[in-house]
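Subject: Handing over the structure, with notes

Dear colleague,

I am passing this structure on to you, and below it I have set out what was found in it. Please look it over before reading on.

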Amino acid sequence: MSSSERMSSPPPPKQYGVTKPISMAGPTEADMQRNRELEKFLVEAGLYESKEEDAKREQVLGRMRQIAKDWVKELTRLRGYSDQMVEDANALIFTFGSYRLGVHGPGADIDALCVGPSYVSREEDFFFILHNILAEMEEVTELQPVLDAHVPVMKFKFDGLSIDLLYASISRLVVPEDLDISDMSVLNDVDEPTVRSLNGCRVADQILKLVPNVEHFCTTLRCLKFWAKRRGVYSNVTGFLGGVNWALLVARVCQLYPNAVPSMLVSRFFRVYTMWRWPNPVMLCAIDEAELGFSVWDPRKNRRDKTHHMPIITPAYPCMNSSYNVSTSTLRVMMDQFQYGNTICEEVELNKAQWSALFEPYLFFESYRNYLQVDIVAANADDLLAWKGWVESRLRQLTLMIERDTYGKLQCHPYPHEYVDTSKPCAHCAFFMGLQRKPGEVVQEGQQFDIRGSVEEFKLSINMYMFWKPGMEICVSHIRRKQIPPYVFPEGYKRTRHPRLASQQRSSENGNEYQTGSGLKRKKDPESVDQDGPEKRQSISPQKQDSLSPDHLAPSSVRSGTGSNVEPVIPDKRVLNQEIAEGGDVSNSSVITSVTSEVGSCEDVGNESVAGSSEGNNGSVEGSNNLVSSQSDSCDADSQSLLENRHLDGNGAFQDGVHEELEV
């Protein structure tokens, strides 16, 4: 080829992300038709906000910006600065999360960041002075400061709109109106909490810069967030994925299929992540090696990073794992749901199903035989709001403790929805966890899971709450499917089994159960704990109890762990004489059994943060396109060397988890 021909040839397509695209193909006419149908479904599902609601958000943000400016100017004047400094004093409000990404829906909260000058502090000025200013305003309700969170936040409603407000004090005497929060200079001379506060906005800005088509990205993300909520896998705090995690996963798929429309991207999303080889990380760009001294995610150097099961790396410095809360159990649940989504999308592409089938709600209370019920009560609604938030932030620890103490043989599925028993005289809510033996575990007759110590340790950690008040109580109890309280069902009674789920259940039981009437009955089995006949709700307690219901909980009861009248839950130094049967679609008649294990330590890694959690020195990493053919061995908790080595290719660079068959 001559030099003139080389000069006239078109440039290669732009590469988004750490690898080349899987496909540059655009939509066919059939794809465009499916895309129109998908967008119509999203509109009819009520996922878009009206123009009036959007205008109200802008109005509220305008009010917040003025309040922040007035607050900083008043502080500047009170501290004796010059008149010119008072005039120049400024604070800015930035948004991040779903609102910044353009995927918020009706009633969604606004994630916002207030950036102030160096002499305005978070602890005294933000959480005390600004808090008091807001508390005196009629428009502000449900004001709740959360100082001890991984990312300190002030939660409140302003004129009915929920706002989560963070604060960052940057190393400048005057905050300019045109401040570029994406610029690395804003990180100079700031502490770790400030970095985490700033990174929410910095990550959102980077995501929008790194996707090929922002409009297609937003529609796809809006769709998949709705799907995740319907399928019960949308919650960072309980070990699933939150908004930023889903945004990063969707953005990576957009990079791999830069010319695809949303209907194609939704289908490719499930295809990619069904086959992704975890714990290889999802990265939108190479990890930045800056020299500001902040730690970045690097399992080659940071021991904690080696234990992450589903790394989804933030694209802004300091790059960290945004999904460090994911456990082996919650990863298993999400992989099952990805497979479900992939199956439905294949049917949609073959015109065998409609888009509505993808968003069928997950039938959690028909998927397991055994559950843990966590009842939370308080004297009034305000106390319950604070108490529930504390307990919910610790539920993930209960999952980890049970996994640890049973050596991963008992799997927990925390369901990220709360339920309220309105018949109770006190403020109440409840959370539930599905329990099942790890598939493939050898069953030995007579062995049992002793999770009493795990639950007692969990309760002790809950009772460390600094703002505990009389009436704040928690009860953890084991129930079977037939004992699920009626208030968890929308109609107030247990719904009939879904035809598809019932069919899957029957096909997986291999004759160990038979169907009779409206439900499934267990055969008589010497190992079975789920015998026919009337069944009482089981209390995990040293005292013999005929039953245990939420009615045992009341504000007047003695706080667990204090006094002699402890509530009937799993106490210390007692063995749980309770066999837990395997549940859900993969159940059979075997009893879930295990040797009782002693309680060890369980590290608390804190609450949800966009910045994640990482330790150690900075490291330079590169993405590579080493593709694999299976994810069947991913995230084996018993194989530390596997977790340590599978992040890297032969050259010591991070592997991408994309499957080579996706090129077809």
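Before the strands come up, one term is needed: two strands are said to pair if DSSP finds at least two bridges between them. With that in hand, C114 can be placed, since this residue stands opposite Y167 in strand 5. Please keep in mind throughout that the model is predicted.

To begin with the whole, the protein has 15 helices and 15 strands, and buried residues make up 56% of its 664 residues. Among the contacts in the protein with a separation of 6 or more, 76% are accounted for by residues 24 or more positions apart.

Strand 5 and its partners

Strand 5, which covers residues 161-169, is mostly covered, with eight of its nine residues buried. On the one hand, strand 5 is joined by seven bridges to strand 2 (residues 110-116), and these two run parallel. On the other hand, five bridges join strand 5 to strand 4 (residues 153-158), and that pair runs antiparallel, with K157 standing opposite S162 in strand 5. Strand 4 and strand 5 form a hairpin that has two residues between the strands, and in the turn D159 has a positive phi of about 55°. As general background, strands of a sheet pair through backbone hydrogen bonds, either parallel or antiparallel.

The four-stranded sheet

Further along the chain there is an open sheet of four strands, whose order is 7-8-6-9 and whose pairing is antiparallel. Its edges are strand 7 (410-419) and strand 9 (473-480), each of which pairs on one side only. Direction ignored, neighbouring strands of this sheet are turned by 20° against each other on average. Within the sheet, strand 6 (residues 370-378) pairs with strand 8 (residues 427-437) in the antiparallel sense over nine bridges, and A378 stands opposite A427 in strand 8. Helix 11, made up of residues 328-349, packs on the sheet and touches strand 7 and strand 8, while its direction makes about 75° with that of strand 7.

The nonpolar cores

Which residues touch the most other members of the largest nonpolar core? In this core of 111 residues, they are F217, W227, W246, F269 and Y273. Helix 9 (residues 243-256) supplies the largest share of the core, with 10 residues. Leaving out residues up to four places away in sequence, W246 touches L221, K225, W227, A228, V233, Y234, L241, F269 and F338. There is also a second, separate core of 31 residues, which includes V120, L130, V140 and F158.

Helix 3 and the loop before it

Helix 3 has 28 residues and reaches 41 Å from its first C-alpha to its last, which is close to the 40 Å expected at 1.5 Å a residue. Several of its residues are buried, among them R57, L61, K69 and W71. Just after helix 3, G80 takes a positive phi of about 80°.

The loop between helix 2 (29-44) and helix 3 (51-78) holds Y48, which counts as partly exposed because its relative accessibility is 35%, a value that lies between the limits of 20% and 50%. Not counting residues up to four places away in sequence, Y48 touches L42, V43, P106, T219 and R222. Y48 and H104 are 56 residues apart in sequence, yet their C-alpha atoms are 7.5 Å apart in space.

Two buried polar residues to look at

Is H131, in helix 6 (residues 122-135), buried or exposed? H131 counts as buried because its relative accessibility is 18%, and buried means under 20%. The side chains of H131 and N132 are joined by a polar contact of 3.4 Å. Neighbours within four places in sequence aside, H131 is in contact with F126, L143, P145 and M154.

S393, for its part, lies in helix 12 (residues 381-405) and counts as buried, because its relative accessibility is 12%. The side chain of S393 makes a polar contact of 3.5 Å with the side chain of R394.

With best wishes

How values were computed
Residues are numbered from 1 along each chain as its sequence is written. This is a predicted model: local features need pLDDT of at least 70, side-chain atom pairs count only at pLDDT 80 or more; totals for chains, interfaces and linings use all residues. Side-chain values use heavy atoms; hydrogens and water are left out. Buried means under 20% relative accessible area, exposed over 50%, partly exposed in between (1.4 Å probe, protein chains only). A polar contact is a pair of N or O atoms within 3.5 Å; within protein, one must be able to donate a hydrogen and the other to accept it, and residues adjacent in sequence count only if both atoms are side-chain atoms. Contact means heavy atoms within 4.5 Å. Axes are lines fitted to C-alpha atoms, for helices over the stretch in contact, and angles run from 0 to 180 degrees between N-to-C directions. A nonpolar core is a set of buried Ala, Val, Leu, Ile, Met, Phe, Trp, Tyr and Cys residues joined through side-chain atoms within 4.5 Å. The expected span of a helix is 1.5 Å times one less than its number of residues.
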